[in-house]
Structures are given as structure tokens and as C-alpha cells.
2 protein chains.
Amino acid sequence: MKAEIIAVGSELLTPDRLDTNSLFLTEELNKLGVEVVRKSVVGDNREDLLAAFRESRNRVELVIACGGLGPTEDDMTRETVAELLGRKLVRDPAILQAIEGRFRSFKREMPEINARQAMVPEGAEALDNPRGTAPGLWIEDRGHMVALLPGPPREMKPMFLEHVLPKLARRVSGVRVIHRELRVTGLGESHVEQRIAPIYKRYPDVNTTVLAAPGEVQVHLRIWSDDFGHANRILDEIVQGFDIALTDRIFSRDGSTLDEVVAQLLLLNNATISAAESCTGGLFAQRLTSIAGSSAYFLGGVVCYSNELKTAWADVPASLLQAKGAVSAEVATALADGIRHRAGSLIGVGITGIAGPGGGSDEKPVGTVHIAISTAAGVKERLVHFPGDREMIRIQASQAALDMVRIHFLYNGAQSPHGSHVAKHVGGQVGGAGGALPSPAPLKRS
Amino acid sequence: MKAEIIAVGSELLTPDRLDTNSLFLTEELNKLGVEVVRKSVVGDNREDLLAAFRESRNRVELVIACGGLGPTEDDMTRETVAELLGRKLVRDPAILQAIEGRFRSFKREMPEINARQAMVPEGAEALDNPRGTAPGLWIEDRGHMVALLPGPPREMKPMFLEHVLPKLARRVSGVRVIHRELRVTGLGESHVEQRIAPIYKRYPDVNTTVLAAPGEVQVHLRIWSDDFGHANRILDEIVQGFDIALTDRIFSRDGSTLDEVVAQLLLLNNATISAAESCTGGLFAQRLTSIAGSSAYFLGGVVCYSNELKTAWADVPASLLQAKGAVSAEVATALADGIRHRAGSLIGVGITGIAGPGGGSDEKPVGTVHIAISTAAGVKERLVHFPGDREMIRIQASQAALDMVRIHFLYNGAQSPHGSHVAKHVGGQVGGAGGALPSPAPLKRS
């Protein structure tokens with residue numbers, strides 16, 4: 001089955017707003033095996049709406065529209081669709097009662113204007129909206145289906161899942177989208193593409209998308225099939241190939257972020273962490289503490305911009321700062337060691353670099369970052385040169401630091417949520433910008 | 001003039017990608033006085049493309065399409081538009097030469113496939129693309145204009161500005177969009193709406209949009225006019241009304257973020273700042289250091305989750321933590337005082353609260369946050385209850401802390417980039433969740 005999505009609302013034609021409802025709808029429709037072949041954004045204007053609905057209905061079986069169901073004169077989706085289908089608008093007493101009841105529950109009287117929302121095209125089915133006043137509408141017309149949903153995502157999404165999805169599920173064929181997502185860090189988009197293209201090109205029926213995001217690359221695999229066992233075997237085969245091509249650069253196979261992956265590793269290994277940050281300015285700490293329950297593993301962090309505070313807060317010797325400069329392997333190492341001791345954590349992370357736009361030199365250009373990770377077994381330090389602006393450099397630096405923590409657990413026989421995958425990689429080849437840590441004793445809380 | 005925007009690309013019909021080019025294009029077109037009446041997303045499919053271009057051309061004078069100009073067989077925008085307009089595709093030797101030159105500059109040979117990109121519909125004008133291989137195309141046809149631009153924003157945007165904009169500027173009438181943006185914090189969307197609606201409703205010709213963003217509300221005013229003096233006077237009048245209705249809750253009149261506004265205030269007043277954060281986990285420090293040149297005012301910060309580190313790193317007395325609990329006005333105050341002394345900064349900020357999802361109680365539910373700001377003149381402390389999930393609570397808490405710094409400067413006769421506005425407000429009424437700080441001596445570096 002093919003579908004089109006129409007987002008209704010003049011505000012969606014300004015530079016301030018994007019229709020994002022269609023991403024949710026596309027995901028849900030694809031899962032059902034319904035393909036979205038066009039998305040349109042139309043203003044609250046009778047003629048434009050008429051044209052959009054007419055064209056979509058001529059092309060596809062299913063039209064889903066969001067927005068334009070409000071109580072004011074601007075909102076005219078109901079009227080326009082009734083006109084297009086040649087149906088009268090009639091007042092639905094049950095909807096009117098529901099809207100009045102909703103206002104009563106807030107101790108308010110229903111404004112007369114809201115009575116408009118109880119008008120439905122003859123033969124349409126009203127879809128209950130407990131989260132707002134605008135009911136949705138479901139209309140079947142000569143083999144075509146039209147769903148009119150409210151614009152606010154918190155009203156639209158549950159209405160789709162509760163009312164529209166079951167109706168569609170009964171109608172669609174057995175074809176569904178089976179989807180895999182891999183996330184990769186430490187390699188650029190084109191390098192990922194170069195390594196995996198020879199693999200995925202052997203599978204023309206699988207839709208492969210490589211997307212660059214700050215500090216990572218996301219690879220989506222999608223296959224439309226009614227034979228889920230077969231489809232899953234194909235996807236497993238491709239992912240196996242990607243595993244070899246990308247080695248330990250894949251950090252996520254289920255959509256989880258690197259923050260979440262590292263938090264999970266810290267929790268599973270009963271490990272604690274602290275950080276002393278310079279150029280990332282708290283971004284590393286902020287990311288690790290963005291996860292619920294982070295107090296179990298994150299003890300504390302310092303942001304020390306000035307040399308004085310690097311000494312006062314992370315015990316970096318003033319003489320070292322003098323001799324090597326604040327952006328150096330030695331200072332990163334001292335930051336990691338110092339904060340680990342000060343916080344009493346099992347792992348200490350030190351980050352120092354030049355985020356720009358100022359402060360660069362020929363020897364140490366903007367984007368130069370030293371990252372160190374300290375444990376009782378020793379320190380591992382990396383020098384990386386990141387491209388991009390201040391924000392990109394900071395994001396990539398925090399990402400690389402998180403990845404060093406991940407790699408630390410990966411090559412130390414520690415607990416991992418992807419136990420079997422880790423086992424496969426231990427002792428295997430190591431590629432990409434990450435590199436392996438030396439192998440001290442596994443991190444365990446005594 | 002009316003325009004439609006077509007985003008071309010099957011990847012834009014998946015759940016992973018949104019067309020965002022249209023926001024940039026809408027903004028630029030609106031500035032010229034061109035109204036965007038429809039946006040469509042179409043896959044790389046001949047029939048779908050033909051239908052989309054045909055329909056748009058029948059409705060409006062100007063059609064702008066992005067994407068589908070690549071070298072591979074998937075990309076068929078060129079061919080489809082040529083077919084629709086009944087024009088032959090001819091090879092343009094100048095384009096071919098430019099593409100070959102581009103490859104030579106990378107020390108590579110042009111793959112034969114790229115020669116396709118030199119095919120243009122007869123009579124079309126090629127638009128130079130120094131940032132990629134795909135040239136754009138400009139086609140005029142019986143009073144209609146079609147611009148075909150590449151999909152990648154970094155290629156599309158400069159091409160539009162350099163080549164398409166000048167062509168349009170010659171044609172459009174004198175009507176332009178004049179735009180103002182105000183940003184407000186410490187008030188919810190509906191409260192902002194309630195306060196300003198009586199004002200903006202008196203101006204039916206002005207399009208007013210109120211948008212909620214995390215921790216702030218953005219108000220956009222737009223007026224279409226060919227009399228800029230008059231339009232600006234009307235907008236000034238409305239903004240004056242908003243000033244009275246929203247008092248000191250407006251923090252930005254030029255699109256700058258609260259981070260930027262506070263950074264600017266710190267710089268102008270030659271002030272330095274430090275922070276001791278618990279629930280925000282480094283977010284406050286991260287935001288203030290996201291601005292270029294932040295080392296001039298941000299000395300350092302600590303993230304102290306555990307009670308032990310609150311004592312060790314910010315001198316919060318263990319007895320106080322014991323007596324009042326970590327989430328208390330007293331501990332927020334001690335954090336602010338302690339970090340100010342430890343960092344040697346003029347301002348110290350302390351943040352402690354419950355970001356959730358766990359850790360709440362009847363007395364101190366999730367969302368309870370104490371924020372303190374310490375200066376030589378004393379401490380100001382606030383208790384706030386924020387709604388939403390962990391991420392929202394942390395964003396709002398960092399936003400409220402930044403706002404307390406802003407308000408500190410606002411009511412202390414300090415230097416401000418909006419000098420005249422500040423003067424108007426000093427001593428005036430103070431509304432909203434912010435409240436005024438007591439008035440110690442102005443903050444100045446001695």
C-alpha cells in the first residue's frame with residue numbers, strides 16, 4: 001500500500017517551523033509495510049487544501065493529514081475534505097458532549113467556537129482525543145482512506161497508534177520493513193562508506209543509508225519483505241560483513257547513543273569515573289550525567305580553563321604546564337591522573353585542546369586535542385586533530401573521550417552488553433582512529 | 001510572487017531524514033517578498049517527479065527544487081524537468097570542463113558517470129557549483145521560472161545566494177517581509193501568549209508566532225510591506241507593548257541565545273564567573289564555554305554529585321549537608337560561595353536539585369532545583385520547580401541559572417548591550433518567575 005502525508009498549517013510554511021510529525025508517521029507506516037511516496041506541507045487556505053487532498057487521493061490509497069482541526073476559522077481541514085468528497089458536515093452530539101465534558105473538567109465553560117470541532121463529514125468516524133479538544137476523523141471513500149489527525153505531536157501520536165494503526169493493520173499485506181541501525185565513531189562518513197559499500201552493494205534489495213551526525217556515522221539497513229526469517233538472515237549477514245569492515249568502530253546496534261553505551265559499560269562493570277576538562281568545558285561530564293542514574297558511576301568533574309585551576313583542582317604540576325604547555329600529552333595525562341585521585345574514582349579522564357576559533361598556532365592548530373584515560377593500571381593518551389568549528393570540535397572531542405572509555409572496557413575482558421560481539425573482537429584486528437588500549441587487569445571494584 | 005519548494009530524494013521519505021533546506025529558502029524568499037505556498041518531498045522516481053513539477057508549475061510562477069542532480073542513475077531531476085518542458089538534453093562543454101577540472105584538482109580522473117552532470121535542458125542556464133560537481137540549473141519557460149539546486153546545504157545555500165537571489169531580486173515587487181524576534185525566559189508559552197495576545201491582536205496585518213523551545217519562548221513578528229519605515233514603526237510599537245507586558249523576561253531582541261547574552265554581559269562588565277553544579281552535571285559550564293572567547297570570563301567549574309565532593313571541591317560544610325540535605329537553599333548558597341572563593345571569580349553559581357527520574361520525594365519532588373548566585377555583595381538564591389523529564393529539567397535549570405546572572409547585571413546599573421532598554425526597566429515593575437536581585441554595588445573588576 002502507498003500513502004501520502006499532508007501537513008496542514010500556514011505556520012509550517014514560515015522559516016520557523018518544520019513538519020516533524022511525518023517522521024513518526026513514516027516510521028509507523030513503514031513498519032506496517034506502507035510506503036510513503038510524497039509528503040506535502042500546505043497552508044490553511046481552502047483552495048490549496050482542496051488541491052492537495054484531491055491530488056493525493058488521485059495518486060494513493062491512503063492519505064494522512066495532520067493539523068487544521070482547531071476551533072478557529074483558520075482551521076478548515078474538516079470543511080475542505082467534506083467539500084472534496086461531496087459530503088455534508090453534520091454535528092456529532094457525542095463529540096460535542098466530549099468537548100463540553102473536557103472543558104467542565106477544567107471548571108470552564110466551552111467557548112461557542114469549539115462547537116465547530118463537533119462537525120464531521122457524513123459517514124466519517126470520529127477518533128477520540130483525550131489529550132485535546134480536536135477529535136480526529138477517519139473517512140473511507142470508494143476504496144480510498146483519509147485520516148485527519150490533530151497537529152500537536154502529543155495528541156497526534158497516541159491517536160495514530162490507538163485508532164489508525166489497528167484499522168490499517170487489518171488491511172495491509174504481510175510485507176513489512178525490517179530495520180537495523182549501526183552507529184560508528186572515529187571514522188568519517190566517506191571512510192565508512194568506502195569500507196562498507198563493497199558489502200551492501202551485493203544486496204540490491206536492501207536499502208542502505210549512511211548518515212553523518214556530529215562525531216558519529218549512522219548506518220541504516222532496511223528491507224521490505226513478508227518473510228521475516230529470511231530478511232533477518234540477510235541483515236545478519238550484512239551486519240557480519242560490516243563487523244569485519246568496521247572492526248571496533250561500531251559502538252551501537254540498537255540505536256543507543258555513545259553516552260548510553262558508556263554509561264551501561266560503567267554500570268555493568270561497577271566502575272566509577274571522573275573527568276578534568278579544559279576545551280570541552282563540561283561537555284563530557286554533561287553527557288555522562290544526562291543519563292538517568294548517573295550518580296552510580298559519575299563521581300565528579302572539574303572544568304579548569306586556566307593553568308592555575310589545572311594545578312589547584314587536578315594537581316597538574318605548574319612546572320609541567322610551563323615546560324610542555326597546557327595543550328600537551330603530558331598535561332592531559334596529569335589531568336586524568338589528578339582527577340582520578342582527587343575524586344577517588346576507578347577511571348579518570350583528562351581533556352585539553354584548542355576548540356577555537358582563536359588560540360591556534362602552526363604547531364598546535366585549532367582542533368588539536370589531547371585526551372587521556374587513567375586507571376590503576378596506567379594511562380592511555382591520544383592526540384587527535386578534529387575538523388570543523390568550535391561546537392563540532394567540542395562534540396568530537398567529548399565523543400572521542402567517551403569512545404576511549406568504551407574501548408578500555410572492550411579490550412579488558414570486562415562485562416559488556418554485547419558479550420558475544422566483544423568476545424569476537426578481543427585479540428582481533430583493530431582499525432580506525434580509535435586503536436586499542438594496553439591490556440591492564442580488568443577493571444573491577446574491589 | 002508565489003513559490004513552491006520541492007525537495008527531491010527518496011532518503012527524504014524515510015523516517016531518518018527531514019528536508020531542512022526549505023527553511024533557509026523560505027527565509028530568503030520571504031525577505032524578497034516571495035511567499036511559499038507549498039512544500040513537497042518527492043522520491044527519485046520519474047512519474048512522481050513529473051507529477052510534482054507539473055502540478056507546482058501549474059500553480060505558481062516560481063518552482064525551486066533541491067536534490068536529484070547527482071551523477072548516478074537514481075538522480076533524474078534534470079531528465080524529468082527536460083521531459084516536462086519538452087526540451088532536449090544537450091551536453092554543455094563548459095560544465096564538463098569544470099567537472100573534469102574539479103577532479104584534476106584532487107589528482108583524480110573524472111569517472112565517466114559524472115559526464116551525466118554536464119547534460120542540461122536546451123535553453124537552461126547552468127549555475128556554477130564550486131563546492132561540488134553538480135551544477136544548478138535555471139530555466140525560464142512561458143512566464144514560469146524553475147531553479148534546480150543541489151541537495152547538500154553547503155552547496156545549495158551559496159548557489160541560491162549567488163545565482164538565484166539576484167535573478168529574483170530583479171523581478172519581484174517592492175514588498176518584503178520585515179521580521180522581529182524576541183526571546184523570553186522564565187514564563188511558559190501560554191503565559192507569554194496570555195500577556196501579549198491583547199497587544200498583537202490589534203495588528204491583524206502582522207503575523208505573530210509564539211514558539212516554545214526548551215527553557216524559552218520565541219516570539220516572531222512578521223509584516224509584509226513595501227513601506228519599510230511604516231512597517232518598522234508598527235513593529236516598534238508592538239515590541240514596546242511587549243516590553244511592558246513581559247517586563248524583564250525578554251532577554252534577546254536579535255536572535256541571540258541566553259548563553260550569548262550572558263557571555264556578552266560578562267565581557268562588557270569585565271566580570272569573571274565560576275560554577276559548582278550538581279543536577280545540571282556540567283551543562284551550565286558547557287553552555288557558557290560554548291561561546292568563542294569564553295576563557296576571558298569563565299574561570300572554572302566543578303561537577304560534584306556526591307556529598308563528599310561538594311565538601312572537598314566547593315567547601316560545603318559536611319554538617320550543613322547533614323542538616324539540610326544536598327538539595328536545599330543552604331547548600332546551593334554554600335556551593336556558590338565556595339566555588340567563587342576557590343576559583344577566585346567575581347561571580348559564583350551553585351546549582352543543586354533533583355533531575356530525576358528517581359530521587360524525588362513528596363517534600364522534594366523531581367524537578368525541585370535550588371540555584372544561587374554569589375558575589376562580594378551577597379548571595380541571591382531561588383527555588384524553582386521545573387516540569388518535564390530529566391533532560392528538560394536540566395536545560396531549564398541551566399537556563400534559570402544563566403538568567404539569574406543576566407538579571408544580576410540588569411539591576412545593578414552594569415554595562416549592557418541594550419543600554420537604553422535596561423535603563424527603562426531599572427526600578428520598574430518586575431514580573432515573571434525571575435524576580436530582581438537585591439541591589440549590591442555594581443560588579444566591576446577592581
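This is a short talk on a predicted model with two chains, A and B.

First, the ground rules. Residues are numbered from 1 along each chain as its sequence is written, and chains are lettered from A and ligands numbered from 1 in the order in which they are written. Because the model is predicted, local features need pLDDT of at least 70, side-chain atom pairs count only at pLDDT 80 or more, and totals for chains, interfaces and linings use all residues.

Let's start with confidence. pLDDT is the predictor's confidence in each residue, from 0 to 100. Chain A has a mean pLDDT of 89. In chain A, 93% of the residues reach 70 or more. Where does pLDDT stay under 50 in chain A? Over residues 419-446. For that stretch the model has 53 contacts beyond four places in sequence. A contact means that two C-beta atoms, placed from the backbone, lie within 7 Å. The model as a whole scores ipTM 0.78 and pTM 0.80.

Now the overall build of chain A. Its C-alpha atoms fill a box of roughly 85 × 55 × 45 Å, taken along the principal axes. Chain A has 14 helices and 17 strands. Those are DSSP runs, numbered from the N terminus: helices are H or I with at least four residues, strands are E with at least two. Of the 446 residues in chain A, 47% count as buried. Buried means 20 or more other C-beta atoms within 10 Å of the residue's own; exposed means 12 or fewer; partly exposed is in between; here too, C-beta atoms are placed from the backbone. Take the contacts in chain A between residues at least 6 apart in sequence: 68% of them join residues at least 24 apart.

Next, how the two chains relate. Chain B can be laid on chain A by a turn of 180° and a shift of 0.1 Å along the axis, with an RMSD of 0.2 Å. Which means we have the relation of a two-fold axis. The same surface serves both copies, and 100% of the contact residues of chain B recur in chain A. The superposition is by least squares on the C-alpha atoms of residues with pLDDT of at least 70 in both copies.

What does the contact take from each chain? 50 residues from chain B and 50 residues from chain A. On the chain B side, the elements that give two or more residues include α1 (21-32), β2 (35-42), α2 (46-59) and α13 (390-410). The residues on that side divide into 22 nonpolar, 19 polar and 9 charged. Nonpolar covers Ala, Val, Leu, Ile, Met, Phe, Trp, Tyr, Cys and Pro; Asp, Glu, Lys and Arg are charged; the others, Gly among them, are polar.

Strands also cross between the chains. β14 (residues 298-304) of chain A pairs with β14(B) in the antiparallel sense, over 5 bridges. Two strands pair if DSSP finds at least two bridges between them. A:Gly301 stands opposite B:Val303 there.

On to the cores. A nonpolar core is a set of buried Ala, Val, Leu, Ile, Met, Phe, Trp, Tyr and Cys residues joined through C-beta atoms within 7 Å. The largest has 150 residues. Among those that touch the most other members are A:Leu335 and B:Leu335. Leaving out residues up to four places away in sequence, B:Leu335 touches seven residues' worth of neighbours, including B:Ala276, B:Lys310 and B:Ala372. Another core, of 84 residues, lies apart from the largest, with B:Phe53 and B:Leu127 among its members.B:Leu127 takes us to a sheet in chain B. Its bridge partner in β7(B) is B:Gly136. Strands β6 (residues 125-127) and β7 (residues 136-141) of chain B run antiparallel, joined by 3 bridges. β7(B) is also joined to β8 (residues 144-149) of chain B, by 5 bridges and again antiparallel. B:Trp138 stands opposite B:Ala147 in β8(B).

Last, some backbone oddities. Most residues other than glycine have a negative phi, and most peptide bonds are trans. B:Arg142 has a positive phi of about 45° although it is not a glycine. B:Arg142 is found in the loop between β7 and β8 of chain B, and is exposed, with 6 other C-beta atoms within 10 Å. A:Asp315 has a positive phi of about 55°. The peptide bond from A:Gly356 to A:Pro357 is cis, with omega near 0°. The bond from B:Gly356 to B:Pro357 is cis too.
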